[in-house]
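User: I've got a model open and want to know what stands behind the labels people put on it. Can we go through them one at a time?

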Amino acid sequence: MMLLRRFEIHQPSNVAEAVQMGAHFGEQASLYAGGTELLLAMKHDVLRYKHLIDVKVIPGLEAIELRDGMIRVGATATHRSIERSALLRSRLPVFTKMESLVANVRVRNTGTLGGNLCFAEPHSDPATLLLVLGASVAVEGPQGRREILMDDFFAGPYETRLAPNEMMTAIQIPLPSGRWRSAYVKFQVHERPMLGLALALETTEDGETFSRARVAVGCVSPCPQRSAAAESLLTGPRPEIERNLPLAAEALADSAELIDDQQGSAEYKRHLIRVFLRRAFVKALEGS
Amino acid sequence: MKHGEFRVVNHSVPREDGVAKVTGRAVFTSDIRLDGMAYAKLLRSPVAHARILSVDTREVLRQPGVIAVLTGSDLHGIDPYYGHAVKDHPLLAIGKVRFLGEPVAAVVAEDERSAYEALESVGVEYEELPAVLDVDSALADGAPLLHEMTYRTGGFRGFDDPASTQPGNICQRIHLEWGDAGAAFTSAAHAIEGEFFFPMAYAYAMEPYVSIADYNDAGLTVYSSAQHPFIVRNDLAKVFGLALNRVRLIVPFVGGGYGSKSYTKIEPLTAACSWKTRRPVKLQLSVEEAMLTTRNDDARVRIRMAADREGRFVGLQATILLNTGAYAENSPLVARRAANRVIGPYRIPNVKVDCYAVYTNTVPASSFRGFGATQVTFPRESQIDELAERLGCDPVELRRKNLAARGESIHSGLRPLDADLSGDLSMVVEALTDRPLPKGHGRAVGCSASDAGSDPVSSAVVHVYGDGSISVVMGSTEMGQGSHTVMQQIAAEEMGVAIERVRVVSCDTAITPFDRSTGASRSTTTMGRAVLEACQDAIAQLRNMAADVLKTNPGNLVLERDGIAFQKRHWRWQDVLGEFFGLPDCSIIGRAYLRKAGDLALLPLFWEVGCTGVEVAVDTETGKIHLERLITVGDVGLAIHPAMAEGQDLGAATMGLGLGLYEELVYEGQQLVNGNLLDYRVPRFSDLPPQVDLLLAENRDGIGPYGAKGGGEGSLNPVPASLANALYSATRARVRRLPLTPERVWGALTGRTPELPNSFGSSGVRPQEKDIGR
């Protein structure tokens, strides 16, 4: 049994109160939205907080809804509730399928999407997919509300661009049109995935050309990463794109600042990006 | 196969501990709370090798709830060095630390959290020393010494004296030789040589180490999650200068051992905390701390094998370098076993083996299920497949040609083989080849033979009570393997009573008679036989009592189930006891003491053989291997409890799967970097193959009760090698380093040469020709 140091838990009744508590306790406090990563880090004594602000108890913050053509997932929606959401299963199945691959069912039952993104663990599955879905996050802080594009959200491993005392309230995903094909694939041996790769392609009416492409790779570098060069190589007539896949994979790997770590060498990760970009491509276009 | 004459044994009866365990009522050491109990937490060294210049405890003693702090300089009045093989292990670091993670101070507080939070208030000043982190640097000329002093040997050192009674970083050296290996290789038609690496691994048990010690005027009582309570008692008696009857070890259910809880671990330190505070003290480690407590010996093995034109093995030569870590623990015995077990179940006329256990500044290595066998079976069985390819013959046939037959000697000086491995191999092959091999899959078989059973000293007491109920009092510890149930079955079978009438009492060294250990797959064989003999002793007494009561000659009484018959009347044991004593509830005691004598004089008590088959699928793009099929043979003589024997094989093979594909403790410099369950990968249910065949070979050829012999390790040993051979059969990629991670497999598939850590080759000297000892 790993021990936690003593801390106090606080239960705000709304977002404003949570933000206020955060401002009050400053660096001695952290928001607590599931704890599957936070408490583990605290048990390992990597993080120390005297106060945890339990945002899971804030009513309504876990809602999943469709609003003005946007999917809006409340920050404290659990992975499991997203995985099982009827709305998301019918309107954004790539998202529910990705969520069904997150960690294990115990983690999915407890961990929340907002918590996952705010912890900014480099091996996050949702972060990689949300990058290619063009998502943004809604945040609220002492200065009011604002939105941050997922593309701008991560500042580094375990670091986000949330200002001090700002709190994420929702994740917003524009509903893709029927022409978008997307897939999330991952490779895993250890508890954490070794690679996550998300691909979204917008096809023309005949399905033979890709008018827009988004691709992101996670786990292999300090932050999940998109690559403009790779995306440009994935835009054009389908046969050309199929030929371009190895080049696009190289471009994606180049943008990702691959590092050698316990999960594998940079060279192997580069190879995996090649393998899984092709697999994602096949998977995205399955049945189309 | 069923053996019809049995009523209770050879049947898969409900487990003695089953209901308690699945309902959460079973008591483990961590469930126990004593009145006035305090809690200890440990401050561990942040460096691998250093002199301790000073320890400042003033601040920590001011922390809330703190009762005491114990350091290496507080141990005057006791003998702080313990070890059953070599007394080299101080219960807390004294003067210097020898690995990163070594306990330097223990803080005792009113509650566990206070003890934990106070740890950082202990101020320790270190002067770092150069660290030796691998075998090569430990053996290099002028290498820093881990142990500047020499040590006394322990009382349970086995049959070899450890080398660490002499100065140097060599903890143990074993030399084994018969025939003339040099000449055999010179004249052999085929020879093959290679180098293999078996990684550092942790025998993960769900329950980490936990002990409670209560030192008071009556002596020392310790509750502990220990496989070998009597050997722990020996260490504690020596540390505290107490008579054996003043040291009481109580072992509740153990939450998994796999060798990691064999011999003494945290008990002396827990006891010293109680000795200092005169309070009962509990010390429980986290899994992360357990990973800093014990591991297996990782092994670099250079091996060569030679065969004649017909494919008969003519020679085997091996040098085995074990990385033993900072303290000897059980590695001197592991070294002996590794040397014996590299030979396998084969007839080899010329053998030369050198095995060295080497101290390094890493976590101490000790027993791990398989006990040296996994480390050496991987290279030998890999090489047999390589040799088969060289000879152009089928790997199964090459094995069949060289397997020793039952009764044949495989190791001069040891008991001849007591198993029919050819028969086992046929069972595996028949099951494995019952359908065509899918494209991209590979298959392989593997064999092993382990000199098992340890020393045969086991004793048991059987109480027969006046109401006909029975208690078996014995020292085997129940760690999930099912020994309580097996002993209950044997007593019920012998005494002729229903199994519910038999209670098992274990283990409390103040009550239960001596048993060497629960390990080496020995309990069913040795303790099972002791229980059987104790029952027979009770029956002999009861028969004499009946004769006395009935005023007849014992020879006139006919033994029946649960009693005797005399003149057509059945007398139950309880009737005999009632008549004999004239009071209700009176009981008698049957007893048995086993020792190295008679048919138990020749070691090993039995050969624990392994014979497994696997089929794997390989994703050649990523290098990921998935086990599709597993076949084990439990060659156990007679399965006292068939379902549990099969469970042992599945568990053992699953550990083999972990070692083969996933598990490796990784050091970066001085630091163990994956010593937690997020980064250290044990197998999960989703890793198990879709198809598993657990076969039993019941030839009644063991020396245990009813012809039984031990199981539980055999089906682990060949699995990693079988995985490597199946990978080769699927892809022609040969990987000589475990685990077979996707990246290593991909490297082999694409012609990248996987480096072996600290290769023999780096020194440019072939180990067979180098006297490493000098």
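User: What makes Phe371(B) count as buried or exposed?

Analyst: Phe371(B) has a relative accessible area of 13%. Buried means under 20%, exposed means over 50%, and partly exposed is in between, with a 1.4 Å probe and protein chains only. So Phe371(B) is buried. Before we go on: this is a predicted model, where local features need pLDDT of at least 70, side-chain atom pairs count only at pLDDT 80 or more, and totals for chains, interfaces and linings use all residues. Residues are numbered from 1 along each chain as its sequence is written, chains are lettered from A and ligands numbered from 1 in the order in which they are written, and side-chain values use heavy atoms, with hydrogens and water left out.

User: What is the sign of phi at Phe371(B), and where does the residue sit?

Analyst: Phi is positive there, about 55°, although Phe371(B) is not a glycine. You'll find Phe371(B) in the loop between strand S17 (351-359) and helix H10 (373-391) of chain B. Helices (H or I, at least four residues) and strands (E, at least two) are DSSP runs, numbered from the N terminus.

User: And Cys219(A), is it buried or exposed, and why?

Analyst: Its relative accessible area is 3%, so Cys219(A) is buried. Cys219(A) also has a positive phi, near 80°, without being a glycine. Look for Cys219(A) in the loop between strand S13 (209-218) and strand S14 (225-226) of chain A.

User: How many disulfides are there, and how do you know?

Analyst: A disulfide is a pair of cysteine sulfur atoms within 2.5 Å. By that rule the count is 0 over all chains. Take Cys171(B): the nearest cysteine sulfur, in Cys355(B), is 11 Å away, and Cys171(B) is in no disulfide. For Cys393(B), the closest cysteine sulfur belongs to Cys447(B) at 14 Å, which is too far for a bond.

User: Which of the labels buried or partly exposed goes to Cys171(B), and which to Cys393(B)?

Analyst: Cys171(B) has 0% relative accessibility, so it counts as buried. Cys393(B) comes out at 31%, so it counts as partly exposed.

User: What does the radius of gyration say about chain B against the rule for a compact globule?

Analyst: The radius is taken over C-alpha atoms, and the globule rule is 2.2 Å times the number of residues to the power 0.38. For 774 residues that puts a compact globule near 28 Å; chain B has 27 Å, so the two agree. The C-alpha trace of chain B spans about 85 × 75 × 45 Å along its principal axes. For chain A, with 288 residues, the rule gives a value near 19 Å, and the chain has 19 Å, which agrees.

User: What share of residues is buried in each chain?

Analyst: In chain A, 53% of the 288 residues are buried. In chain B, 66% of the 774 residues are.

User: Which peptide bonds are cis, and what is omega there?

Analyst: The bond between Leu603(B) and Pro604(B) is cis, with omega about -5°. Pro604(B) is placed in the loop between strand S25 (588-594) and strand S26 (606-619) of chain B. Another cis bond runs from Leu738(B) to Pro739(B), with omega near -10°. Pro739(B) is in the loop between helix H17 (719-731) and helix H18 (742-749) of chain B.
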